[in-house]
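Here is a briefing on one protein chain and its ligand. Please keep the sequence and the 3D view open while reading.

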Amino acid sequence: MSDKPRVLSLAQPTADSLHIGNYLGALRQWPPLQDQYEAFYGVADLHALTVDVEPAVLRKRCLASAAQLIAAGVDPTRSAVFLQSHVPEHTQLMWVLSCLTGFGQASRMTQFKDKSARHGSDAANVGLFNYPILMAADILLYNADRVPVGEDQRQHLELTRDLAQRFNARYSPTFTVPEPHIVRSVGKIMDLQDPTAKMSKTSSSPNGVVDLLDEPKLNAKKFRSAVTDSGRDIVFDEQNKPGVANLLIILAAFTGRSVEDLVEGFAGKGYGDLKVAAADAAGAEVTPFRERTLELLGEKTELEQILADGAEKARAVASRTIAKVYRKVGLLRRG
Ligand code: TRP
């Protein structure tokens, strides 16, 4: 086992393809962390059951998500790449942690409140309520030091830290209290057709969302028909020119150049040039990503083997943690 600190993150298999918002805001940060950390990266398939999903669709999305993690640069020879449901210790630890979580505290999770408000309290199932506790279990099981997530997961991470501290105080030091690794270097990626809304798979127009697994030609077209703003100068003004600002943020993210630098370079040029530049920069990274993903999905047996190996690596750590936790809370060992 390595003596490096640990990093862990899971992605929910909620769509057939990630879009560039998911990719730039989250997944792209994962591979570089493999150098300094022992990494556990997985697919939160149990979390995906909190919303209604066709079994066949879920199966497909789980494999597609795993393939996309690997295509993004998560290296299964260095990191544990696994499906959450393949490591039963996640749900075992969730139960123990749920017995340490106040009902009031769980009820205050804003993502739960938002989702249940949107769907109605009958549509919001108990799984959705327990979702943050399962997430805490995902993290604490591996004593992760670092957890790269998006801003929307900050409160869940706070709960995780709180539960770790509570368990440690009540029993004895057991869990690492994890640090969030919230990516802020990349601005929020907005919908290309409605640049005042975050790019999201539930967007009103599919043309506003650039899916990583779509045909490169289609994506280039989406960039070319992105909504821009009145005027013609390329300046960075999120308030008054959200469409142009969004394209600049995307271009900056894909080229590694600063927005200021890009604005300088576009002096005297028009919106069309910016759209083409953004399409080209995105395409240069996304096209090989897509090819690699499709290749992995075409070798299903190998992909399944990678996931089986990943689950084994994960379980080596997880089973030790759960044995320790069960012992500390007073559960007897099976004789
Ligand atoms: N809830 C996270 C999201 O929607 C996904 C997730 C589940 C996760 N378990 C996790 C993220 C553990 C980090 C660590 O993005």
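The notes below cover the ligand site, a pocket and four single residues.

This is a predicted model, in which local features need pLDDT of at least 70, side-chain atom pairs count only at pLDDT 80 or more, and totals for chains, interfaces and linings use all residues. Residues are numbered from 1 along each chain as its sequence is written, and side-chain values use heavy atoms, with hydrogens and water left out.

**Ligand site**

- The ligand has 13 residues around it, and L10, Y131, M135, D138 and Q153 come nearest. A residue counts as near if one of its heavy atoms lies within 4 Å of the molecule.
- Three side chains place an N or O atom by a ligand nitrogen: D138 at 2.6 Å, Y131 at 2.7 Å and Q153 at 3.0 Å. A polar contact is a pair of N or O atoms within 3.5 Å; within protein, one must be able to donate a hydrogen and the other to accept it, and residues adjacent in sequence count only if both atoms are side-chain atoms.
- On its own the ligand has 360 Å² of accessible area, and the protein covers 88% of this. Areas come from the Shrake-Rupley method with a 1.4 Å probe; for residues, only the protein chains shown count as cover.
- Two or more shell residues come from each of β1 (6-11), α7 (126-140) and β4 (146-149). Helices (H or I, at least four residues) and strands (E, at least two) are DSSP runs, numbered from the N terminus.
- α7 gives the largest share of the shell, four residues.
- By class, the shell holds eight nonpolar, four polar and one charged residues. Ala, Val, Leu, Ile, Met, Phe, Trp, Tyr, Cys and Pro count as nonpolar, Asp, Glu, Lys and Arg as charged, and the others, Gly among them, as polar.

**Second largest pocket**

- The second largest pocket has a volume of about 350 Å³. A pocket is an open set of points on a 1 Å grid over the protein atoms alone, where a 1.4 Å probe fits, with protein on both sides within 12 Å along at least five of seven lines; lining residues have an atom within 4 Å of a point. Points are joined across faces, edges and corners, and the volume is the space filled by probe spheres set on them.
- The residues lining this pocket include E89, Q92, S319, Y326 and R334.
- α4 (89-98) and α13 (300-329) each supply at least two lining residues. The largest share, five residues, comes from α13.
- The lining divides into five nonpolar, two polar and four charged residues.

**Single residues**

- P178 sits in the loop between α8 (154-170) and β5 (179-182). P178 is buried (under 20% relative accessible area; exposed is over 50%, partly exposed in between; 1.4 Å probe, protein chains only), with a value of 0%. Its C-alpha atom is 9.9 Å from that of D162, 16 residues apart along the chain.
- L248 belongs to helix α10 (residues 242-255). L248 is also buried, at 0% relative accessible area. The C-alpha atoms of L248 and L274 are 7.7 Å apart, with their positions 26 residues apart along the chain.
- N143 is not a glycine, yet has a positive phi of about 50 degrees. N143 lies in the loop between α7 and β4 and is buried at 18%.
- E54 is found in the loop between α2 (45-48) and α3 (55-71). E54 counts as exposed, at 54% relative accessibility. E54 and L192 are 138 residues apart in sequence and 29 Å apart in space, C-alpha to C-alpha.
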